[in-house]
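Please open the model in a viewer and keep the sequence panel in view. The tour proceeds by selections, each followed by an account of what is found there.

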Amino acid sequence: IDRNIPSGLYGRLFAIAESQTANLTNFSIQNLLQLFPRLVPAEWKYRTKISWHPDSNPDHPSSSWFVLFWQYLQKQCQSLSLFCDWPILPSTSGYLYIASPQSKLINGEKLPDAVRNVLEKVGSKILNNNFKVEHSDLSSFVSDASYTGVLESVFDAASSDMDWVQNLIHNLNVEEKDELRSFLLDPKWHIGHQIGDLYLRICKHLPIYRVYGEICAQEPDYSDLVNPPKYLPPLDVPACLLGCEFILSCQGSEDDILSRYYGIERMRKSNFYRQNVFNRIEVLKPEIRDQVMVSILQNLPQLCMEDRFLREELQNLEFVPTVNGPLKRPSVLYDPRNEELYALLEDSDCFPGSGFQGSAILDMLQGLGLRTTVSPETILESARLVERLMHMDLEKAHSRGKVLFSFLEVNAVKWLPDQSNEDDGAINRIFSRAATAFRPRNLTCNLVKFWSELKMICWCPVLVSAPFQTLPWPVVTSTVAPPKLVRPKTDMWLVSASMRILDGECSSTALAYNLGWLSHPGGSAIAAQLLELGKNNEILTDQVLRQELALAMPKIYSILARLLGSDEMDIVKAVLEGSRWIWVGDGFATLSEVVLDGPLHLVPYVRVIPTDLAVFRGMFVELGVREFLTPSDYADVLCRIAVRKGTSPLDPQEIRAAVLIAQQLAEAQFLDKVTIYLPDVSGRLFPSSDLVYNDAPWLTASDNHNSSFSAESTMLLNAKRTMQKFVHGNISNEVAEKLGVRSLRRVLLAESADSMNFSLSGAAEAFGQHEALTTRLKHILEMYADGPGILFELVQNAEDAGASEVTFLLDRTQYGTSSLLSPEMADWQGPALYCFNNSVFTQQDMYAISRIGQASKLEKPFAIGRFGLGFNCVYHFTDIPAFVSGENIVMFDPHANHLPGISPTHPGLRIKFAGRNILDQFPDQFAPFLHFGCDLEHTFPGTLFRFPLRNASVAPRSQVKKEIYAPEDVLSLFNS
């Protein structure tokens, strides 16, 4: 009905509608509910959230309509549940939400603007009161502006995800976090109200609580109350010690609320110091650290009432600063009020530093173990202080060492060990009675260990310069030394070379005893003294020094005599070895220059011990002084003569003496591995190994016109002779050989080659079967019968080597026996069997033939292979098989007694002959190989074996086979 009709008429119609007697009715909330799908888009029904655009979308209800709608609902609708299917709740975000408690809208009309802004920033659903949304039933669907309403709104904004809630809060600025915290911790929400655990838990997880952090940080740190667990800080502690686990309160009421309703306790000071000071003592700033620790000491009784274990922890804590800075435990520091302690430890890190020197603080530190009396540990600390000073100020170290030494002279008797050695029983009994009277009852130090350590520390004042110019004295600058290396002045002539001498006198027998000065010096120190005394004092001209030594040497030798049979004597021997230490009345001599009983007068090479020292004969013998001269001594005399003469020739008397000594050495079968000097033809002494004796006379027999030695070779030999030193003619070849003079034959063989093993070198080298054992070959011959199989084996080896031609030859010639590698080879210059093939040995062949006879093939005695066991069948008719191949000539000698420079482990010889003159130097030895085009000058393009037949003179001595093999036997072999 048009409401603009006259009011009287409108009133009459309204009355008719009220009476319900006509087709008129008053409009009710039910009518509005029926018409609602026509007033708003029908599809809005059942939608929980609708984006509302009244200004841009004509289908959406206008803002003014919504104001009228809510005014109507306020007057005409008792319950908003009639519209629970429709989004009728407007929010500040421009959305309409369904009328349901699950919409989690909050009525922000009564919220502080700052809190309202926070909720908007985190995305909370805030009811828009611009549309006059007021209704008595509104609280059933919209949260009030309260503690729980704000938490529910925030929690809903994060989709009930606590991690997301924290992320939303982290994005707030400082003021917003403070406003939200102030709102939630307002006492009005907690006092007199019962807040559910769920809301308290949500509130604890909000990162809105200020915590302590970096002092220089531009913005305060915020955290929740859970991770890590938070505490209220103890009262009156520096803020710089507080970390992120402590709440930084802005208002006193917040502390009370957190404590009463959120379970945030205020940490006790004792616990705080344990957790936040004691374990950070090294990193705290010194001024803060010292301030806190002094405060702890001042309040220690009260703190110990809180925590009875706090005192024990402080006793073990390094927190007391010292003069130079390092922190130490109270129990290792000393009370500076004690004058003796201060004198011994002045300027050290043994006293509390500034701030801890007050009387009250020192009293507290005494309760924590601060030392107040001098103990063995104090003495050790004072000694170490002197040792450190030595590296900085020598004069000051010396002065402090004097102070400590003076103190010990008076007080050493207090710290005598209880136990004593049997040898010093009388002295110890006296000291023990004195020590019992003076020793403190509470002394628990291991006194033996104490004195042992004190003797090793560098603190004892010593002399720097020698009292006598001739006294052995080390070059030193230190003014202090360990007592272990110090002796009193009475011992200076005995040990001054290796030990330091005390600066001053030691009047305390107890101190001297405990420092080891009442016992004799050690053998090594005596030996070092002898070593220095003997240097440059072979002959003494200084009468004063000679008199001093005449008195000191018996003392020195008597100490050494006491060491006979002890392990220390071995050290003495090692130190004195090779040195000039034996006093001979007017100087010092070495062992090689001294004999107890000398039948020959060999001065200056050999001296005799003076008779006044004969009482020490046993000691001299123990230390290696000879009772008489041995062959080794004579060899040493030759050596010393050589050193003294240098390159000068010996005079006739010296040559005669050298020849006589050489003959005596040869007769004594002197085999020691020492260098023996012998005169050469010019009379100069050289090591025997550098000399040569002439055992190749055919090379120098110029009147032998039948000699096969060419003129060119003679010139070459003469040139080489100028480079060799021949032994003196008065020394026979036999004597020369025994004394290590080299054979000319071997020298020539070595010079014609590149390498030789053992005593040879050059291209001739020890070569052959490493097992090389005559017994083994004998067993092999028992498995390989004599006969044509020998020839088959040689043919098979040639075929395996790729040869196309094999030739056998019997040579009945008896070759010369003068110019041989060794005289023993003369027995093998007769008839021989030859085998030639046109292949050349490879390196593998060389290795294979040197390995024949190995045990791996013993179980296959009939195998025929390339240089297998079968090759050894040639030992049926020879002991010296040889062959030429390529540039090598190889000879085997399993007995190792025919060829030079070989041994049982390498019983063979390989010579590289190509381009050398071995045929000229040993023509008789190598003439038998000049067959099949071999000239022993150029590389031979084939392989030629020579097997000299075992004759009647060598067969009985053979350890391989004792049967003769005649040329007729070879012919029989060919015929078979």
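Two strands are taken to pair if DSSP finds at least two bridges between them. With that in mind, and noting that this is a predicted model, select strand 1 (49-51) and strand 3 (residues 95-98). These two strands pair in the antiparallel sense over 3 bridges. Ile50 stands opposite Leu96 in strand 3.

**The sheet around strand 3**

Extend the selection to strand 2 (87-90). The result is an open sheet of 3 strands in the order 1-3-2, with antiparallel pairing. Strand 1 and strand 2 stand at its edges with a single partner strand each, so one side of each has no neighbour in the sheet. On average, neighbouring strands of this sheet are turned by 35 degrees against each other, direction ignored.

Next, add helix 3 (63-76). Helix 3 lies across strand 2 and strand 3, and runs at about 100 degrees to strand 2.

**Helix 2**

Which residues are buried in helix 2 (residues 29-39)? They are Ile29, Leu32 and Phe36. These residues are on the same side of helix 2 because they cover an arc of only 65 degrees around the axis. The buried residues of helix 2 pack against helix 3 and strand 2, two elements already on display. Rotate the view to the face of helix 2 turned away from its buried side, where the exposed residues Gln34 and Arg38 are carried.

**The whole chain**

Zoom out before the next selection. The protein chain has 37 helices and 29 strands. Buried residues make up 48% of its 976 residues. Among contacts between residues at least 6 apart in sequence, 67% join residues at least 24 apart. Switch to a surface representation: the accessible surface of the chain comes to about 48,100 Å², and 50% of it belongs to carbon and sulfur atoms.

**The largest nonpolar core**

In soluble globular proteins, nonpolar side chains tend to be buried together. Select Leu530, Leu549, Met553, Tyr557, Leu560, Trp581 and Phe620, which touch the most other members of the 41-residue largest nonpolar core. Elements that each supply at least two residues of this core include helix 23 (523-534), helix 25 (568-576), strand 14 (580-583), strand 15 (588-590) and helix 26 (617-622). Helix 24 gives the most to this core, with 8 residues.

Centre the view on Tyr557. What is Tyr557 in contact with, leaving aside its neighbours within four places in sequence? The list consists of Leu530, Trp581, Ile582, Trp583, Leu613, Phe616, Met619 and Phe620. A second, separate core has 40 residues, among them Ile106, Leu119, Ile126 and Tyr147.

**An exposed arginine**

Select Arg260, which is found in helix 10 (residues 252-261). The relative accessibility of Arg260 is 53%, so this residue counts as exposed, the cut-off being over 50%. Add Ile191 to the selection: its C-alpha atom is separated from that of Arg260 by 9.9 Å, although the two residues are 69 residues apart along the chain.

**A parallel sheet**

Move to strand 20 (residues 691-693). This strand belongs to an open sheet of 3 strands in the order 21-20-22, with parallel pairing. The edge strands are strand 21 (725-726) and strand 22 (742-743), each of which pairs on one side only. Strand 20 and strand 21 run parallel and are joined by 2 bridges. Leu691 stands opposite Lys725 in strand 21.

**Strand 25**

For the final stop, select strand 25 (residues 832-837), where 6 of the 6 residues are buried, so that the strand is largely enclosed by the rest of the structure. In a regular strand the side chains alternate between the two faces of the sheet. Both faces of strand 25 are covered, with Ala832, Tyr834 and Phe836 buried on one side and Leu833, Cys835 and Asn837 buried on the other.

Add the two partner strands in turn. Strand 24 (residues 806-811) pairs with strand 25 in the antiparallel sense over 6 bridges, and Leu833 in strand 25 is the bridge partner of Leu810. Strand 29 (residues 940-948) also runs antiparallel to strand 25 and is joined to it by 6 bridges. Here the bridge partner of Asn837 is Thr943 in strand 29.

How values were computed:
Residues are numbered from 1 along each chain as its sequence is written. This is a predicted model: local features need pLDDT of at least 70, side-chain atom pairs count only at pLDDT 80 or more; totals for chains, interfaces and linings use all residues. Side-chain values use heavy atoms; hydrogens and water are left out. A nonpolar core is a set of buried Ala, Val, Leu, Ile, Met, Phe, Trp, Tyr and Cys residues joined through side-chain atoms within 4.5 Å. Buried means under 20% relative accessible area, exposed over 50%, partly exposed in between (1.4 Å probe, protein chains only). Helices (H or I, at least four residues) and strands (E, at least two) are DSSP runs, numbered from the N terminus. Contact means heavy atoms within 4.5 Å. Accessible areas come from the Shrake-Rupley method with a 1.4 Å probe; for residues, only the protein chains shown count as cover. The arc is that of the directions from the helix axis to the C-beta atoms. Axes are lines fitted to C-alpha atoms, for helices over the stretch in contact, and angles run from 0 to 180 degrees between N-to-C directions.
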